Amino acid sequence: MPVLSRRGVIAGGAAALAAALAPRRAWGRTQYDVVVIGAGLAGLHAAHLLEQAGLAVRVIEAAQRIGGRLHTLDHLPGRPEAGGIQIGQNYRLLRAIAARLGVALDESPGAGVGAAGSPTALLHINGTSLAPEDWASAPANRLSGAERAVPPFALAGFYGRALPALASPADWQTAPAEADISYDEALRRAGASAEARRLIDANFNGNSLAGMSALSPARAVALRQAGPGPTLIVRGGSQRLPEAMARALRGEVRLGQKVRAIRADEAGAEVITDRGSIAARHVLCTIPFAALREVPIAAELPPELAGMIAALPYTRASFAYIAARRPFWREDGAPETIWSDHPLIGRIFVLGDDPPMLKLWTFGAGADALERMGEARVRAVLVPLIEAIRPAARGQITSIRLFSWQSNPLARGIYHHIGTGQAAELSAAIAWKGTRLHFAGEHLGPVSQGMEGALESAEAAALSILARA
Ligand SMILES: Cc1cc2nc3c(=O)[nH]c(=O)nc-3n(C[C@H](O)[C@H](O)[C@H](O)COP(=O)(O)OP(=O)(O)OC[C@H]3O[C@@H](n4cnc5c(N)ncnc54)[C@H](O)[C@@H]3O)c2cc1C
């Protein structure tokens with residue numbers, strides 16, 4: 001029985017743990033140079049680079065689908081997205097891959113995708129529905145002083161000065177520890193009232209203002225500034241890109257192979273799946289850390305990496321895809337997007353008029369609540385709520401479908417953010433290079449976040465493997 005280092009990470013179920021601790025097999029049975037875990041952008045790009053260098057690579061994926069957090073819901077009207085959508089002008093790697101594979105990218109106005117705040121919205125705040133032009137003088141407006149003139153969806157921008165200014169997107173890694181305070185505390189120091197902080201908290205890409213480092217939104221702002229201009233989307237749906245990447249690999253991607261445990265030492269590495277174990281000279285793991293927490297790892301890992309696997313926060317989000325008889329949002333002259341502080345509503349974006357489809361986004365506690373309710377109850381609660389906010393919706397909603405990432409054991413959230421006080425630890429985890437066990441994924445992007453971050457991390461991991469191969 002091998003003795004685990006104190007720094008080894010062990011988590012997950014008893015059966016998987018037993019498998020990880022079982023007597024070591026001979027590494028001599030290695031069949032592959034590299035086993036890549038995960039057929040998302042990071043795993044597929046790394047597999048391509050390693051194949052190009054002549055290595056024998058096997059990609060294994062737990063789901064019965066390629067793409068990970070690029071997930072086009074082809075079975076729903078209008079094929080809405082459940083995962084990533086927007087491609088920035090500065091997504092150099094992604095654009096090169098799409099060009100190489102002949103995958104078309106189209107310019108998108110960004111409306112309806114929900115990743116950025118809309119410039120205008122029908123407001124529903126403190127139980128009252130109102131047009132943005134009525135906000136400043138409305139009794140439902142409980143903001144203070146100059147804030148009162150700012151609509152809730154513009155408050156985060158109004159308090160942009162609260163965020164540490166980063167000259168370039170990677171600078172969060174070298175920011176002083178004093179800058180790594182919570183977003184809530186940074187807003188408070190910038191003068192934001194409790195009501196302003198509550199409204200920002202109601203709809204932002206995180207679970208709570210208190211749990212997110214101010215460096216996280218500061219990094220996102222620096223990235224937007226580094227790549228201004230219209231965003232792009234993948235023609236036919238985001239998932240078409242990873243599908244094309246998988247088709248272009250020499251080796252087959254094995255679907256339906258959930259990794260239950262991983263182990264590695266100086267001599268080699270091994271992944272244990274439901275169907276047996278696969279030995280390799282190297283293992284590259286692209287499982288999101290929030291999901292990796294449930295997979296036992298028997299290997300020497302530095303404390304920063306082990307700490308981030310255990311504690312890096314992932315944003316919880318639930319979506320409701322709302323089909324309508326006709327585009328009723330065109331009939332009342334109000335802005336098409338709804339922006340609410342009601343935790344079950346969050347924001348409702350128009351996906352399209354033909355077919356008429358809306359997408360509701362909630363984060364954090366609201367996302368948890370929506371998910372717990374289940375589809376039937378959500379329908380019973382949401383339909384009257386939406387009809388009260390927007391009377392033109394009366395009798396128009398035909399179906400509601402729910403989607404949550406946090407309950408998916410292969411993701412456990414939509415993407416990471418830097419937790420309060422975690423910047424130095426995450427930065428060290430990104431810089432760490434393994435000997436036999438390597439990590440990649442959007443959470444380890446050295447500069448970018450999202451899709452481009454996943455690809456950057458894949459390049460760094462592939463280079464590190466090739467240096468040791
Ligand atoms: C709702 C949402 C909106 C987003 N919006 C944007 C956006 O607009 N722009 C942007 O750039 N990015 C966006 N992103 C982020 C972007 O989608 C991700 O950064 C990127 O797709 C992550 O790629 P990855 O390869 O790191 O991880 P993943 O795509 O998650 O790949 C990891 C793979 O590992 C598999 N896996 C997990 N556990 C196991 C296991 N035990 N065994 C085997 N396989 C396993 C998973 O099934 C998955 O396929 C968004 C994401 C979401 C969810």
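**Ligand surroundings and the contact between domains 1 and 3**

A backbone N or O atom of Ile85 is found 3.4 Å from an oxygen atom of the ligand, a polar contact in the sense used here (a pair of N or O atoms within 3.5 Å; within protein, one must be able to donate a hydrogen and the other to accept it, and residues adjacent in sequence count only if both atoms are side-chain atoms). The ligand, taken alone, exposes 1000 Å², and 96% of that is buried by the protein (accessible areas by the Shrake-Rupley method with a 1.4 Å probe; for residues, only the protein chains shown count as cover). This is a predicted model, in which local features need pLDDT of at least 70 and side-chain atom pairs count only at pLDDT 80 or more, while totals for chains, interfaces and linings use all residues. Residues are numbered from 1 along each chain as its sequence is written, and side-chain values use heavy atoms, with hydrogens and water left out.

Two further residues approach ligand oxygen atoms: Glu61 with a polar side-chain atom at 2.5 Å, and Ala42 with a polar backbone atom at 2.9 Å.

Turning to the domains, an automatic or database assignment gives domain 1 (6-68 + 235-312 + 415-468), domain 2 (112-140 + 317-404) and domain 3 (142-226). The centres of domain 1 and domain 3, taken over C-alpha atoms, are 32 Å apart. Contact (heavy atoms within 4.5 Å) links 18 residues of domain 1 with 19 residues of domain 3.

Between these two domains, about 1400 Å² is buried, with carbon and sulfur atoms giving 50% (accessible area, 1.4 Å probe, that two parts lose on being put together, summed over both). On the domain 1 side, His417, Ile418 and Thr420 lose the most area to domain 3, together 38% of what that side buries. Across this interface, 14 residue pairs are in polar contact, both at pLDDT 80 or more.
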